[in-house]
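Dear colleague,

I am handing over the structure below, and after it you will find my notes on what turned up when I went through it. Please read the notes with the coordinates open beside you.

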Amino acid sequence: MTPLAIRDVEETLTAKELRDIWSILLHEDRMAGFAMLSRPDAEDLFLELTAMDQAEVLLGLPPNEQRSWMRLLAPDDAADLVQIAPPPERDRLLSLLDEPTRREVKALLAALGQVAQQKGGGGGSVVAQYELDPGLLGVLTEYEEHRLRT
C-alpha cells in the first residue's frame, strides 16, 4: 500500500476532507491540499489549525503570501505562532503584522515569557528582547495565566 499523496490527486479536496486527513499527511501534501482550497475555505481551515500547523503552513507559503495569512490571526494566535516558529523566523514574522498588532503581540509574548519563567522555564527576558514597557506586564501576565488555565 502506498502512502496517501495529495500531490498526485487531480480532483480537488474539500476543506472538510483535508481537515479529516491533515494529521496523516506529509508537509508537501498538506501544502498541496491547502493550495487546492478556495481562499475562504483555506482561511477557515487555517484558523482551525493548531499554532504548530499554522506555522508550518505559513512558513511553507511563498514570502509574498505570508503577510495576509499572518494578519488573519488574532493577536493571541499570532503570539502563539511566533512563539512556536523557529527563532530565526520570529522577527520576520512579527514584521508582517501592522504596527498596533505587532505591539500587542510583543506584549503577549512578554507575558508568556514571564509566565514560563514563573513556572520554572528558563530563557532570556522577552521584555528586553522586544523592548517593551514593563508596566504593561502585570495586566498581560494575569490575562495569559487565565488563558493558559482555560
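**Aromatic residues and helix contacts**

F46 is buried, and its relative accessible area comes to 0%. Please bear in mind throughout that this is a predicted model, and that every value in this message was computed from it.

F46 takes part in one of the 3 aromatic pairs that the structure holds. Its partner is W69, and the two rings meet edge-to-face, with 5.3 Å from centre to centre and 65° between the planes. Because F46 belongs to helix α3 (residues 39-48) and W69 to helix α5 (residues 63-72), the pair ties together parts that are 23 residues apart in sequence. W69 is buried as well, with a relative accessible area of 4%. F34 joins these two residues, and F34, F46 and W69 together form one aromatic cluster. W69 also has a charged neighbour, since R39 lies over the face of its ring, at 3.9 Å from the ring centre.

The next element to look at is helix α4, which spans residues 51-60 and whose buried residues are A51, D53, Q54, A55, V57 and L58. Against which helices do the buried residues of α4 pack? They pack against α2 (27-36), α3, α5, α6 (75-84) and α7 (87-95).

Of these partners, α2 deserves a closer description: the axes of α2 and α4 come within 10 Å and cross at roughly 75°, and the two helices are therefore roughly perpendicular to each other. On the α2 side the contact is made by H27, R30, M31 and F34, while α4 contributes D53, E56, V57 and G60. Sorted by class, the residues of this contact are 3 nonpolar, 2 polar and 3 charged. F34 thus appears both in the contact of α2 with α4 and in the aromatic cluster with F46 and W69, whereas D53 and V57 appear both in that contact and among the buried residues of α4.

The other helix pair that I looked at is α6 with α7, whose axes come within 8 Å and cross at roughly 155°, which makes α6 roughly antiparallel to α7. In this contact L81, V82 and Q83 of α6 meet R90, L93 and L94 of α7, and by class these residues divide into 4 nonpolar, 1 polar and 1 charged.

With best regards

Notes. Residues are numbered from 1 along each chain as its sequence is written. This is a predicted model: local features need pLDDT of at least 70, side-chain atom pairs count only at pLDDT 80 or more; totals for chains, interfaces and linings use all residues. Side-chain values use heavy atoms; hydrogens and water are left out. Rings of Phe, Tyr and Trp (its six-membered ring) pair if their centres lie within 6.5 Å; planes under 30 degrees apart count as stacked, over 60 as edge-to-face and the rest as tilted. Helices (H or I, at least four residues) and strands (E, at least two) are DSSP runs, numbered from the N terminus. Buried means under 20% relative accessible area, exposed over 50%, partly exposed in between (1.4 Å probe, protein chains only). A charge sits over a ring if NZ of Lys or CZ of Arg is within 6 Å of the ring centre and within 35 degrees of the ring normal. Contact means heavy atoms within 4.5 Å. Axes are lines fitted to C-alpha atoms, for helices over the stretch in contact, and angles run from 0 to 180 degrees between N-to-C directions. Angles under 35 degrees count as roughly parallel, over 145 as roughly antiparallel, 65 to 115 as roughly perpendicular and the rest as oblique. Ala, Val, Leu, Ile, Met, Phe, Trp, Tyr, Cys and Pro count as nonpolar, Asp, Glu, Lys and Arg as charged, and the others, Gly among them, as polar.
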